[in-house]
Amino acid sequence: MLERQREDDLNRFEADGRRRDIQDCYLLTGSSDERLKIRVADAGEYERLHRSVLSKLPGVSRIQSSFTIRSVVGR
């Protein structure tokens with residue numbers, strides 16, 4: 001979740017995200033502002049990414065993470 005959704009804040013967040021280890025980024029409606037798709041090998045790598053990248057993205061006020069258990073349908 002972002003602190004604010006002003007155009008300059010969104011642009012700064014998205015520009016910084018393009019320079020990081022982020023696979024995909026989606027602007028959302030609803031309770032979350034942005035959804036990031038990242039790929040890591042294990043929990044330790046996720047912790048490193050969380051500390052060094054995700055928590056340092058501009059304007060981030062809250063991070064909520066979910067992990068994929070397995071793919072059910074892939075197209």
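Colleague: By class, how many residues in the lining of the largest pocket are nonpolar, polar and charged?

Modeller: Bear in mind that this is a predicted model. The largest pocket has a volume of about 1000 Å³, and 27 residues line it. Split by class, that lining comes to seven charged, seven polar and 13 nonpolar residues.

Colleague: Which element gives the largest share of that pocket's lining?

Modeller: Leu36, Lys37, Ile38, Ser65 and Ser66 are the lining residues nearest the centre of the largest pocket. Two elements give two or more residues to the lining, namely H2 and strand S2 (34-37). The largest share is four residues, and it comes from S2.

Colleague: Moving on to the largest nonpolar core, which helices each supply at least two of its residues?

Modeller: That core has nine residues, among them Leu10, Phe13, Tyr46 and Leu49. The helices that each supply at least two of the core residues are H1 (7-18) and H2 (43-52).

Colleague: What does Tyr46 touch, not counting residues up to four places away in sequence?

Modeller: Tyr46 is one of the nine residues in the largest nonpolar core, and so is Leu54. Leaving out residues up to four places away in sequence, Tyr46 touches Ile38, Val40, Leu54, Ile63, Ser65 and Phe67.

Colleague: Why does Glu14 count as partly exposed rather than buried?

Modeller: Glu14 lies in helix H1, and its C-alpha is 8.9 Å from that of Leu57, 43 residues apart in sequence. Buried means under 20% relative accessible area, and exposed means over 50%. Glu14 is therefore partly exposed, because its relative accessible area is 22%.

Conventions: Residues are numbered from 1 along each chain as its sequence is written. This is a predicted model: local features need pLDDT of at least 70, side-chain atom pairs count only at pLDDT 80 or more; totals for chains, interfaces and linings use all residues. Side-chain values use heavy atoms; hydrogens and water are left out. A nonpolar core is a set of buried Ala, Val, Leu, Ile, Met, Phe, Trp, Tyr and Cys residues joined through side-chain atoms within 4.5 Å. Buried means under 20% relative accessible area, exposed over 50%, partly exposed in between (1.4 Å probe, protein chains only). Contact means heavy atoms within 4.5 Å. On a 1 Å grid over the protein atoms alone, a cavity is a set of points where a 1.4 Å probe fits but cannot get out, and a pocket is an open set with protein on both sides within 12 Å along at least five of seven lines; lining residues have an atom within 4 Å of a point. Grid points are joined across faces, edges and corners, and a volume is the space filled by probe spheres set on the points. Ala, Val, Leu, Ile, Met, Phe, Trp, Tyr, Cys and Pro count as nonpolar, Asp, Glu, Lys and Arg as charged, and the others, Gly among them, as polar.
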